[in-house]
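This note sets out some remarks on aromatic rings and their surroundings. Please read the points below with the sequence and the model at hand.

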Amino acid sequence: MSPSSSAKKVFPSSSTGGGSIMHTEHPVGHQSPTSPPPKKVKTMTEIMARARYAVIEKEDYSDMVCGECHSGERADELLLCDKCDKGFHMYCVRPVVVRVPIGSWLCPSCSGQPRVRSLSQKKIIDFFKIQKCNDVTRKCTSVQDAKKRRRRPGSLVLYKKKRRRLVPFIPSEDPARRLEQMRSLAFALTSLNMEFSDELTYLLDFAPRSANQAAFENGGMQVLSKEDMETIEQCKAMCRRGKCPPFLVVFDTYEGFTVEADSLIKEMTFIAEYTGDVDYIKNRERDDCDSLMTLLLSSDPSKSLVICPDKRGNIARFISGINNHTPEGKKRQNVKCVRYNVNGECRVLLVATRDIAKGERLYYDYNGYEHEYPTHHFV
């Protein structure tokens, strides 16, 4: 019988009847026309590279200890990593976890550090939607300076002490330095899958713009003066031309992304408006975003609003909060958060409370209004 021809072998049946069952066996190298094509066998390495991680959970976690401090105390604040199944106190990991995350959570070792991406000048210009214009040698002067030149001496009359006005930031003169500042912000935003937005945004399934009315504020809201409004518009116009405020967003293993001054910032300097998506507080009661900002506190809780910078935002998203339970933490504060009535709408502004030296990090009090944010574990 030739090797290429098919062969039939008779194998004894394993049944008790003692009969025989005929099986057809094809020789090696021959494929039956009706049989499916042979499948390629993947190696275990290829399978594990594509497979999702799975954790075999323990039956008893009573002996769980923190992977950092090696203590099992305060078990209600222990987080379990969904990859390695190790436990960590919320205040032991860096950056500190303020709220219990909703959904899966990975410890710092399993999540890894943010991947550094190089952003070219063109990408930065496109990312911030910087307007191209002719470079004019004249320098922008502040509204306050212009008013000083128009003042005329008058009679000696005693005036009441005037409220201090906002001061516009002074951008760095070196274009390369401004590019580096914008690059640091773009990297931080893209690392969190965020888009840059210097204005409040109103989405279809969130709170409408008509809900943002300063008249709903319980107890009223201070009105932003015309001069301060002009200062803010001047600063935003500079940002649209690529003249950003002199700040760097840096990554710290303890605090995460944070902001530091890249030059001297004078007291009362306007830093940024807190921006993001506007939504009702009732829709965000179980939100684990650690940067929700109060926008409107109404006597009717169903009308209260928050700013959610989880998808869109600006540099205000990365300014750190102080530990307002310790004197050392309170001394760090160099920025204040103020809510204003601007043309009938609520807005949140960040302003320097004192001179901020170059290299100094920016901090403000997260509990400026409600005193409910847990900051006792902040560094």
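1. The model is predicted. In it, F196 has a relative accessibility of 22% and therefore counts as partly exposed, since buried would require under 20%.

2. F128 has a relative accessible area of 10% and is buried. The ring centres of F128 and F196 lie 4.8 Å apart, and their planes meet at 75°, so this pair is edge-to-face; that label applies to planes over 60 degrees apart. F128 belongs to helix α3 (residues 121-128) and F196 to strand β5 (residues 195-196), so the pair ties together parts 68 residues apart in sequence.

3. A search of the whole structure yields 5 aromatic pairs. Among them is the pair of F88 and W105, which is edge-to-face because the planes stand at 65°, with the ring centres 6.3 Å apart. This pair links distant parts of the chain, 17 residues apart: F88 is in strand β4 (residues 87-89), whereas W105 is in the loop between β4 and α2 (108-111).

4. Are F88 and W105 buried or exposed? F88 counts as buried, at 7% relative accessibility. W105 also counts as buried, at 13% relative accessibility.

5. A cluster deserves separate mention: F187, F251, F257 and F318 are linked by ring pairs.

6. Charged residues should be noted as well. K303 lies over the face of F216, at 4.5 Å from the ring centre. K282 lies over the face of Y280, at 5.2 Å from the ring centre.

Methods:
Residues numbered from 1 in each chain as written. Predicted model: local features only at pLDDT ≥ 70, side-chain atom pairs only at ≥ 80, totals over all residues. Heavy atoms only, no water. Phe/Tyr/Trp six-rings, centres within 6.5 Å; stacked < 30°, edge-to-face > 60°. Helix = DSSP H or I, 4+ residues; strand = E, 2+ residues; numbered from the N terminus. Buried < 20%, exposed > 50% of the residue type's maximum accessible area, 1.4 Å probe, protein only. Lys NZ or Arg CZ within 6 Å of the ring centre and 35° of its normal.
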